[in-house]
Amino acid sequence: MSISKLIAATLALALASAVPAFSAAAEPAKPKAEAKKKSSKSKDSKAKAAKAVAPKEADPEADEPDIAGTAVTDFNCELGNKVTVYQNATDDGHIALRWKKRLHRLTRVATTTGAQRFENKAFGLIWIGIPAKAMLLDSKQNRQLANECKNDEQNKPAPLPAPAAEAQAGGAAAPAPAAAHGAAAAPQG
C-alpha cells in the first residue's frame, strides 16, 4: 500500500470514528446489546467511507507513458509481429514498448547474464534483449508473444572473419606439402 493511500485511509477512519464518539456522548446511555449493534453498523460505514474517500492513485505501469523526446527502435519479429521500443537517454531504468496498438511502460530488472530485461507487472509483459535478438513474453499466460525480434542493426549480416592465410605475417602463402614434411625438393639418384 502506498503512503498516500495509507494516509487517506487513516484520515477517513479518524473522521468516521470521531462522529460516532461525539453522538454517543450526546445521547443517554443505552443497553449494551443495542450499542454493539450500532457499533458494528458504524464499522461497516467506516470501511465504506474509507473506500469512497480514497482517490484513485496514478499507476505508472498501468498508465500510458509519455514518449516525447525518446529514441525509437523498431523490431521485426517472427510471424510478422512488430514491436517498437522508445528509450529516453536520461532514464535507462525504463522503456516504453508498443505492442498491439498499446503503449506500455516497462521497468528494468537486474540480471546476472548481462541481458537487458524489462518488466511490466500490471500487464505481465517481459521484454528481454540480447545482442542477437529480443523477445516479448507474457508472464501471466506463460507464453511467448514475439520471438526473434530484430532491429535494423541486428539484421545486418555479420562481418566475415579473415582467412587464415591472410592472417599470417606478410601474407606469405603456406609452404608446399613436401617441404613441410622435411623431404628434399631435388630428386635422388
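What follows is a short chat about how a few labels in this predicted model were earned.

Author: Quick ground rules: this is a predicted model, where local features need pLDDT of at least 70, side-chain atom pairs count only at pLDDT 80 or more, and totals for chains, interfaces and linings use all residues. Numbering runs from 1 along each chain as its sequence is written, and side-chain values use heavy atoms, with hydrogens and water left out.

Reader: Why is the pair of phenylalanine 75 and tryptophan 127 called edge-to-face?

Author: Rings of Phe, Tyr and Trp (its six-membered ring) pair if their centres lie within 6.5 Å; planes under 30 degrees apart are stacked, over 60 edge-to-face, the rest tilted. Here the centres are 5.1 Å apart and the planes make 70 degrees, so edge-to-face it is.

Reader: How do you know that phenylalanine 75 is buried?

Author: Buried means under 20% relative accessible area, exposed over 50%, partly exposed in between (1.4 Å probe, protein chains only). Phenylalanine 75 has 8%, and its partner tryptophan 127, at 5%, is buried too.

Reader: What makes lysine 100 exposed?

Author: Its relative accessibility is 60%, and the cut-off for exposed is over 50%.

Reader: And why is the charged end of lysine 100 said to sit over the ring of tryptophan 99?

Author: The rule wants NZ of Lys or CZ of Arg within 6 Å of the ring centre and within 35 degrees of the ring normal. For lysine 100, the distance to the centre of the tryptophan 99 ring is 5.1 Å, so the distance part checks out.
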